[in-house]
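Trainee: Please pick one part of this model and go through it closely. Then show me how the rest is laid out around that account. Short sentences, please.

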Amino acid sequence: MKRFYFKTLVFTCMTLCFYSCVETTPENKVDLYSGVGAARWDVGKSANFLLSDELFTALELELVYMEGYKPTVKMVESMISFLGKYAFKPEGITVIEKEIPAMDKGEYTTEEIAKIEEDYRQHYNAGKTLSVFLLVVDGDFKKNDESTFTIGAAYRNTSIVLFGNRIEENSGGFIKPSKETLETTVALHELGHLMGLVNVGTDMVVPHEDQENENHCDNEDCLMYWAIETKSIFNYMRQTVPTLDDNCEMDLRGNGGR
Ligand SMILES: [Zn+2]
Ligand SMILES: [Zn+2]
């Protein structure tokens with residue numbers, strides 16, 4: 001995840017200014033945190049909005065997938081129950097699913113992923129509803145260096161991408177996890193990043209960030225272990241979806257979650 005930020009100097013300055021100069025009341029806060037502009041921040045910056053009901057009391061999940069890569073029922077249901085378990089959203093969680101044409105590019109750069117989001121994302125924070133966007137593309141991530149994530153990534157404060165063909169390649173058969181288990185695992189892991197795990201927008205109650213893999217948990221049985229979103233997943237993954245360990249759960253509660 002670390003090399004996948006859409007982080008620019010301008011953006012950083014805007015964010016800093018945003019947090020330091022704007023006088024806010026609960027009403028105008030909602031305005032400032034709405035629309036396209038509020039979906040262009042770094043990963044973890046909306047963790048508290050996602051977890052608590054202070055500003056946003058409802059949540060919508062917009063799932064946009066390329067033809068042939070429709071998320072499994074298990075993935076969608078698991079995302080809803082994961083969000084329901086950790087986030088206070090008394091007015092509920094809604095899912096919007098949309099198929100888009102396959103682009104057949106083989107590999108997608110960060111810029112291309114951002115462009116697809118721009119073209120197809122229809123839902124942004126509005127009123128008291130927070131919106132999360134998940135895109136499934138039909139190819140791989142085009143690596144610009146030795147990036148480790150290849151199956152999925154959280155790339156902005158409310159945006160996740162899954163690489164559909166990587167999921168297909170790495171699932172099924174006797175040894176590999178099933179497709180639904182793998183895609184569910186990666187989707188929940190990326191949601192964990194949007195919720196600020198580990199140490200990326202949600203403070204740690206007890207130190208447990210992996211020293212070698214920043215923003216990940218040091219417990220290899222935890223959903224937030226780094227290998228989850230990489231091809232190293234087979235070294236340890238079993239046929240069930242891992243859960244968050246106590247340290248990660250404590251962090252979420254510490255940042256307004258449940
Ligand atoms: Zn990760
Ligand atoms: Zn953990």
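Mentor: Start with a cut-off: a disulfide is a pair of cysteine sulfur atoms within 2.5 Å. By that criterion the structure holds 0 disulfides. Keep in mind throughout that this is a predicted model.

Now look at what some of the cysteines do. C217, C222 and C248 each give an SG atom to the zinc ion (ligand 2), and D245 gives an OD atom. These donors sit at 2.3 Å. Along the sequence the donor residues follow the pattern C-x4-C-x22-D-x2-C.

What is the geometry around the zinc ion (ligand 2)? The arrangement is tetrahedral, because the 4 donor atoms subtend angles of 99 to 118 degrees. To count as tetrahedral, four donors need all angles between 85 and 135 degrees. For reference, the ideal angle for four tetrahedral donors is 109.5 degrees.

Next, burial. The cut-off for buried is under 20% relative accessible area. C217 is at 0%, so it is buried. C222 is buried too, at 0%. C248 also has a relative accessible area of 0% and is therefore buried. D245 has 12% and still counts as buried.

E220 gives a contrast. Its relative accessibility is 45%, so E220 counts as partly exposed. E220 lies in the loop that links α7 (179–194) to α8 (246–254). P242 is 22 residues from E220 in sequence, yet their C-alpha atoms are 9.7 Å apart.

Follow α7 back to the sheet. The sheet is open, has 5 strands in the order β2-β1-β4-β7-β6, and its pairing is mixed. β2 (93–100) and β6 are the edge strands; each has a single partner, so one side of each lacks a neighbour in the sheet. On average, neighbouring strands are turned by 20 degrees against each other, direction ignored.

Take the β2 edge. β1 pairs with β2 in the parallel sense, over 8 bridges. Within that pairing, E60 stands opposite T94 of β2. Two helices pack here. α4 (residues 73–86) lies across β1, β2, β4 (129–137) and β7, and runs at about 150 degrees to β2. α7 touches β4, β6 and β7, and its direction makes about 155 degrees with that of β7.

Y65 belongs to β1 (residues 58–66). With 7% relative accessible area, Y65 is buried. Beyond its neighbours within four places in sequence, Y65 has contacts including K70, P71, E97, I100 and V136. The C-alpha atoms of Y65 and P101 are 8.4 Å apart, across 36 residues of chain.

Finish at the β6 edge. β6 (residues 152–156) pairs with β7 (residues 159–163) in the antiparallel sense, over 4 bridges. One bridge joins G152 to L162 in β7. The two strands form a hairpin, with 2 residues between them. How enclosed is β6? Although it is an edge strand, β6 is largely enclosed by the rest of the structure, because 5 of its 5 residues are buried.

Conventions: Residues are numbered from 1 along each chain as its sequence is written. Chains are lettered from A and ligands numbered from 1 in the order in which they are written. This is a predicted model: local features need pLDDT of at least 70, side-chain atom pairs count only at pLDDT 80 or more; totals for chains, interfaces and linings use all residues. Side-chain values use heavy atoms; hydrogens and water are left out. Donors are N, O and S atoms within 2.8 Å of the metal (3.2 Å for Na, K and Ca); water is not among the atoms, so sites may look incomplete. Four donors count as tetrahedral if all angles lie between 85 and 135 degrees; four count as square planar and six as octahedral if opposite donors are over 155 degrees apart and all others between 65 and 115; anything else is irregular. Buried means under 20% relative accessible area, exposed over 50%, partly exposed in between (1.4 Å probe, protein chains only). Two strands pair if DSSP finds at least two bridges between them. Contact means heavy atoms within 4.5 Å. Axes are lines fitted to C-alpha atoms, for helices over the stretch in contact, and angles run from 0 to 180 degrees between N-to-C directions.
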